Amino acid sequence: MSKPTQTLAWRNLLRESEGFKTPDFRLEDLFAGDNNRFDRFSISTDHLLLDYSKNYLTEQSFKLLIDLANECKLPTSIAAMFSGDKINYSENRAALHVALRDPDSDLSEVGETLDKISGLVEALHDGNFKGHGGTQITDVVNIGIGGSNLGPVLLCEAFADFVNEIPHVHFVSNIDPSHLRSTLSSLNPASTLFIIASKSFTTIETQQNAEMARLWLLNHLPDERALSAHFIAITENVQAAQEFGISTDNLFPIWDWVGGRYSLWSAVGLPIAIAIGMKNFRELLAGAHSMDQHFQRTALHENMPVIMGLLTVLYTGFFNSHSTAIVPYSQRLKLLPTYLQQLHMESLGKSVDVTGGPVSTNTGEIIWGTAGTDAQHSYFQLLHQGTRFIPIDFIAVAKPMFNKEQEQHQYLLANCFGQSLSLMRGHTDSEAPHKNVPGNKPCNTLVLEELSPYNLGSLIALYEHKVFVQSAIWNINPFDQWGVEFGKNVAQEVFDSLSKNPVTIDFDASTNGLIRFIKKWNN
């Protein structure tokens, strides 16, 4: 069946969902007299708990969601991905990011690249990787954008409490020259190593920053041979990297079957390995692989990514939900919503299905959020009393980073669990209607036993597979991003007009006017 709305399960869910929209429905009533609801609607696996009991679910609606997954042939789609089929149909490619964390992968290049990463990390940590002139490398600057930046910067921030002090890893992504300039202001060129992470080696933001870094280095070390000691490239475009001046020994591969937003498991994760060590990087891969096995081998009704994906399908399709808030109650995971924003919205922001026809239901919800408890003093007022229907993913860590912080950490957890409870329960004040809180707000709560590379790897892979589940139900391709490519091409046309006089292309009146004013104010 090409469209989910044509399935029997969809029609049944449409009728079933009406029961949750009646004035007398209360989400908390689903718990009344049901002491086993948490046990039936929660899953724990490998140091990770998913509580999805505070959702619009009964045994019947849950069964219908599983029926929908089967009618849309979700098991077949899962098998196709793990078998290496070319499921990225628009680019005629497989999507084999799961092979990057499989210790038994048949792809020999994966193991070879891990060994090469390990050798470089060891040399940097031991001080044996020298800059031009023999100076020890003390700082590494990763230049990339999108998936070549978001994953590594998330992981390095998450484990900042035990990263290696030398070399120190920095990240530059924005084409705004102030980003790179401010990063370089305190660095010594003789002891700085640059990583250029760009699959195509033509991404304009990365290319411009790389050129700026190249000039900075050569201004201080005026010898072209310095480039081979201070630049590393992670790319598929070997020729362009070599023309830039990067030696063959300093080239790391990324393959066409690895999408940017799934690339942190590849050589793009090099700055992660430098920051937290190779042992921890391998633990990150192992945690992701454990979730891969769970997703591949577990029955649909007990499968974490399947259930989370189906809940989003439920809310977007039957409750007109347009966004999901992701709120990690961990300051170290403050960048997780931003990372997941790209993963979801670049993958699922599609209005055409795999047949080339229009989609038949909402796809690709907006992902947003920040770290709790700051979030409670920002947008939680809207979540509690606003008119929008916004499901929420709460993410918590059971154990504090340090034992001496136990009591304060319990306050953190109390806020997390208390918010999910109050959003469900609500509050009625007959004398002061402005104090009424409607409640009935659904949420998931994910709890990691502790914040470790293994557990975070598992959590990220969980969300990757959740995205895949949604794409399979909606019958869209989650592995391309033609909208992004279109925007890049138009930006290049505008640049040509900004940088040349007269204007080379006649745009609309707004764009022409903006270009005219920029030229006026820069003359």
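Where is the place of Pro 167? Select Pro 167 in this predicted model and the viewer shows the loop between α6 (147–158) and β4 (168–172).

**Stop 1: two cis peptide bonds**

Stay on Pro 167 and add Ile 166. The peptide bond that joins Ile 166 and Pro 167 is cis, with omega about -5 degrees. Next select Gly 372 and Thr 373. The bond from Gly 372 to Thr 373 is also cis, and its omega is near 15 degrees. Thr 373 has its place in the loop between β9 (366–368) and α15 (380–385). Both bonds are worth a look because most peptide bonds are trans.

**Stop 2: positive phi outside glycine**

Most residues other than glycine have a negative phi. Select His 47, which is not a glycine and yet has a positive phi of about 70 degrees. His 47 lies in the loop between β1 and β2 (48–51). With a relative accessibility of 43%, His 47 counts as partly exposed.

Move to Asn 92, where phi is again positive, near 55 degrees. This residue is in the loop between α4 (74–82) and α5 (108–126). Is Asn 92 buried or exposed? Its relative accessible area is 53%, so Asn 92 is exposed.

**Stop 3: helix α17**

Select residues 453–474, which make up helix α17. How far apart are the end C-alpha atoms of α17? They are 32 Å apart, and this agrees with the 32 Å that its 22 residues should span at 1.5 Å a residue. Now show the rest of the structure around the helix: 22 of the 22 residues of α17 are buried, so the helix is largely enclosed. Just after α17 comes Asn 475, with a positive phi near 65 degrees.

Within α17, pick His 465. Its relative accessibility is 1%, so His 465 counts as buried. Leaving aside its neighbours within four places in sequence, His 465 is in contact with Met 81, Phe 82, Val 98, Arg 101, Met 291, Asp 292, Phe 295 and Pro 305. Show these side chains together with His 465 to see its surroundings.

**Stop 4: aromatic rings**

How many aromatic pairs does the structure hold? There are 29. For one of them, select Phe 41 and Phe 62: the ring centres are 5.9 Å apart and the planes stand at 80 degrees, so this pair is edge-to-face. Phe 41 is in the loop between α2 (37–40) and β1 (42–45), while Phe 62 belongs to helix α3 (residues 59–71), so the pair ties together parts that are 21 residues apart in sequence. Phe 41 counts as buried at 3% relative accessibility, and Phe 62 counts as buried at 13%.

Then select Phe 20, Phe 25, Tyr 56, Tyr 315, Phe 319 and Phe 389, which form one aromatic cluster.

**Stop 5: α3 against α13**

Two packed helices are described by the angle between their axes and the distance between the axes. Keep Phe 62 on screen and show α3 with helix α13 (residues 304–318); their axes come within 10 Å and cross at roughly 100 degrees. The two helices are therefore roughly perpendicular to each other. On the α3 side the contact is made by Phe 62, Leu 65, Ile 66, Leu 68 and Ala 69, and on the α13 side by Ile 307, Leu 310, Val 313 and Leu 314.

**Stop 6: charges over rings, and Leu 227**

Select Lys 116 and Phe 252. Lys 116 lies over the face of Phe 252, at 4.8 Å from the ring centre. Next take Arg 214 and Phe 244: the charged end of Arg 214 sits over the ring of Phe 244, 5.5 Å from its centre.

Both Arg 214 and Phe 244 are in contact with Leu 227, as are Leu 217, Leu 218 and Gly 245, leaving aside neighbours of Leu 227 within four places in sequence. Leu 227 is found in helix α9 (residues 226–230) and is buried, with a relative accessible area of 1%. Add Ile 246, which is 19 residues from Leu 227 along the chain; their C-alpha atoms are separated by 6.3 Å.

**Stop 7: Gln 342**

End at Gln 342, in helix α14 (residues 336–348). Gln 342 is buried, with a relative accessible area of 13%. Leaving aside its neighbours within four places in sequence, Gln 342 is in contact with Gly 146, Gly 147, Leu 150, Arg 261 and Ser 347.

Notes: Residues numbered from 1 in each chain as written. Heavy atoms only, no water. Helix = DSSP H or I, 4+ residues; strand = E, 2+ residues; numbered from the N terminus. Expected span 1.5 Å × (residues − 1). Buried < 20%, exposed > 50% of the residue type's maximum accessible area, 1.4 Å probe, protein only. Phe/Tyr/Trp six-rings, centres within 6.5 Å; stacked < 30°, edge-to-face > 60°. Lys NZ or Arg CZ within 6 Å of the ring centre and 35° of its normal. Axes fitted to C-alpha atoms, helices over the stretch in contact; angles between N-to-C directions. Parallel < 35°, antiparallel > 145°, perpendicular 65-115°, else oblique. Contact = heavy atoms within 4.5 Å.
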